[in-house]
Amino acid sequence: MADTKIKCLNPIASVGLDLLGDKYEITDNTEEADGILVRSAVMHDMELPGSLKAVARAGAGVNNIPLDKCAEQGIVVFNTPGANANGVKELVIAGLLMASRDIVGGIGWVRENADDENISKSAEKAKKAYAGCEIQGKKLGVIGLGAIGVLVANAASALGMDVYGCDPYLSVANALNLSRLVHIVKDREEMLSMCDYVTVHVPLLDDTKGMINKEMISHMKDGVVVLNFARDILVNEADLSEALESGKVAKYVTDFPNTTSVKMKNTIVVPHLGASTEESEDNCAVMAVNEIKDFIENGNIRNSVNYPACDAGVCTTAGRITICHRNIPNLITNCSSVFSSEGVNIEHMYDKSRGEYAYSIIDIAAPSKQEMVDKLESIDGVLRARIVK
Ligand SMILES: NC(=O)c1ccc[n+]([C@@H]2O[C@H](COP(=O)([O-])OP(=O)(O)OC[C@H]3O[C@@H](n4cnc5c(N)ncnc54)[C@H](O)[C@@H]3O)[C@@H](O)[C@H]2O)c1
């Protein structure tokens, strides 16, 4: 009989759900769910059932999930960073091309003239109005070299662009994935002053909100093309509108329609299609399901947004208990004493913290018992203890 119940708050690609196997059952009843799979459904006003141990968002953004409320109840929230990066990268490349060749205007002309019997001749006359330039040999500045930025930089470089990238927090893994042809720069202003195209791929944080503003635009080359496939509020749209009106910025390509962006001069607005590909949805579903399975079956945490990463592999001892807890002094000592009072030896112990919260995986020399969990949960600061084995 299936013992783990998963509730899907949105449709999740079957290639992911198929990985669950027969130890899991999809339920319609949220109140009995051990895990939730979600895409965009808003969970802020949801009552979170006591059975719920994990929420996995098939996608990167987690604005729809109450992260602190979940952390307080010992519910680990996962996301799927990078799973849709290739989908976004391909649309950014399309954005570079749309900004350079008037594909949008040209297709509009063809539609408007669909009834013209002589359209092939008329097109030869009309086409000069839609002429453009090539991207090969032009300079591209990439702000943010994460999962998406690295792929964009490499692809643009492969298309013959001269690519510069800047990321003050560049990870070793991302640096290793970057083509050797991409120049990493420390001085963002210097990069902006050289580039014909600037594309932004940073997360929305307090210090990135409105980062593309008058001041940053003032460092850019006259006639620059700005691309934003990250989040609309990274851009100060009043400042950008002014720069588009004056011609300082020649074109803006964005994935985010809003009441301002849809009316801005020389702007191409795509209706948030960055990750809208079958492959991105499949990748996100597979990653989300694998994260939930590894957590339920082994207690391991990979790609959580409210608890630290903690990977102890598969349990090879007689028992394993996991503990979601506050990051406070003495808590580990108090937890260890529960096992010694039961006469059980701790074989391995992993403890990781992240801000106010921490997580422990404790492998013990005897099978886990419910009394241990009850004692652990009575310790001040323990939010949830769970038997994995
Ligand atoms: N259009 C879409 O449909 C779509 C889909 C997925 C993601 N996104 C957006 O793209 C963003 C980037 O996604 P990702 O998967 O590459 O994220 P990521 O976390 O892998 O990379 C973000 C990078 O930005 C860097 N960074 C942070 N602050 C910076 C700063 N001030 N200057 C320069 N670099 C900075 C980080 O160090 C990191 O390397 C996401 O946060 C999301 O908002 C959009």
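Strands are DSSP runs of E with at least two residues, helices are DSSP runs of H or I with at least four, and both are numbered from the N terminus. The model shown in each figure is predicted.

**Figure 1. Domains of the chain.** The domain assignment divides the chain into domain 1 (1–84 + 277–307), domain 2 (87–269) and domain 3 (312–389). Taken over C-alpha atoms, the centres of domain 2 and domain 3 are 50 Å apart.

**Figure 2. The largest cavity and its lining.** The whole structure holds 1 cavity of 30 Å³ or more, and the space in the largest cavity comes to about 30 Å³. Its lining consists of Lys53, Gly74, Phe295, Thr322, Ile323, Cys324, Tyr359, Arg384 and Arg386. Strands β13 (319–326) and β16 each contribute at least two of the lining residues. The largest share comes from β13, which gives 3 residues. Sorted by class, the lining of the largest cavity has 4 nonpolar, 2 polar and 3 charged residues. Domain 1 and domain 3 each supply at least three residues of this lining.

**Figure 3. The second largest pocket.** The second largest pocket encloses about 240 Å³ of space. Helix α11 (278–298) and strand β16 (382–387) are the elements that give two or more residues to its lining. The residues that line this pocket are Asp3, Thr4, Lys23, Tyr24, Asp34, Lys53, Ile296, Glu297, Arg386, Ile387 and Val388. By class, 6 residues of the pocket lining are charged, 4 are nonpolar and 1 is polar. Because domain 1 and domain 3 both give residues to the lining, the second largest pocket lies between these two domains. Lys53 and Arg386 belong to the lining of the second largest pocket and also to that of the largest cavity.

**Figure 4. The parallel sheet.** An open sheet is built from 7 strands with parallel pairing, in the order β8-β7-β6-β9-β10-β11-β12. The edges are taken by β8 (183–184) and β12 (267–269); each has a single partner strand, so one side of each has no neighbour in the sheet. Strands of a sheet pair through backbone hydrogen bonds, in either a parallel or an antiparallel manner.

**Figure 5. Strands β6 and β9 with helix α6.** Strand β6 (residues 139–143) and strand β9 (residues 197–200) run parallel and are joined by 4 bridges. Ile143 is placed opposite Val200 in β9. Helix α6 (residues 147–158) lies across β6, β7 (162–166) and β9. The helix runs at about 170 degrees to β6.

Terms used. Residues are numbered from 1 along each chain as its sequence is written. This is a predicted model: local features need pLDDT of at least 70, side-chain atom pairs count only at pLDDT 80 or more; totals for chains, interfaces and linings use all residues. Side-chain values use heavy atoms; hydrogens and water are left out. On a 1 Å grid over the protein atoms alone, a cavity is a set of points where a 1.4 Å probe fits but cannot get out, and a pocket is an open set with protein on both sides within 12 Å along at least five of seven lines; lining residues have an atom within 4 Å of a point. Grid points are joined across faces, edges and corners, and a volume is the space filled by probe spheres set on the points. Ala, Val, Leu, Ile, Met, Phe, Trp, Tyr, Cys and Pro count as nonpolar, Asp, Glu, Lys and Arg as charged, and the others, Gly among them, as polar. Domain bounds come from an automatic or database domain assignment. Two strands pair if DSSP finds at least two bridges between them. Contact means heavy atoms within 4.5 Å. Axes are lines fitted to C-alpha atoms, for helices over the stretch in contact, and angles run from 0 to 180 degrees between N-to-C directions.
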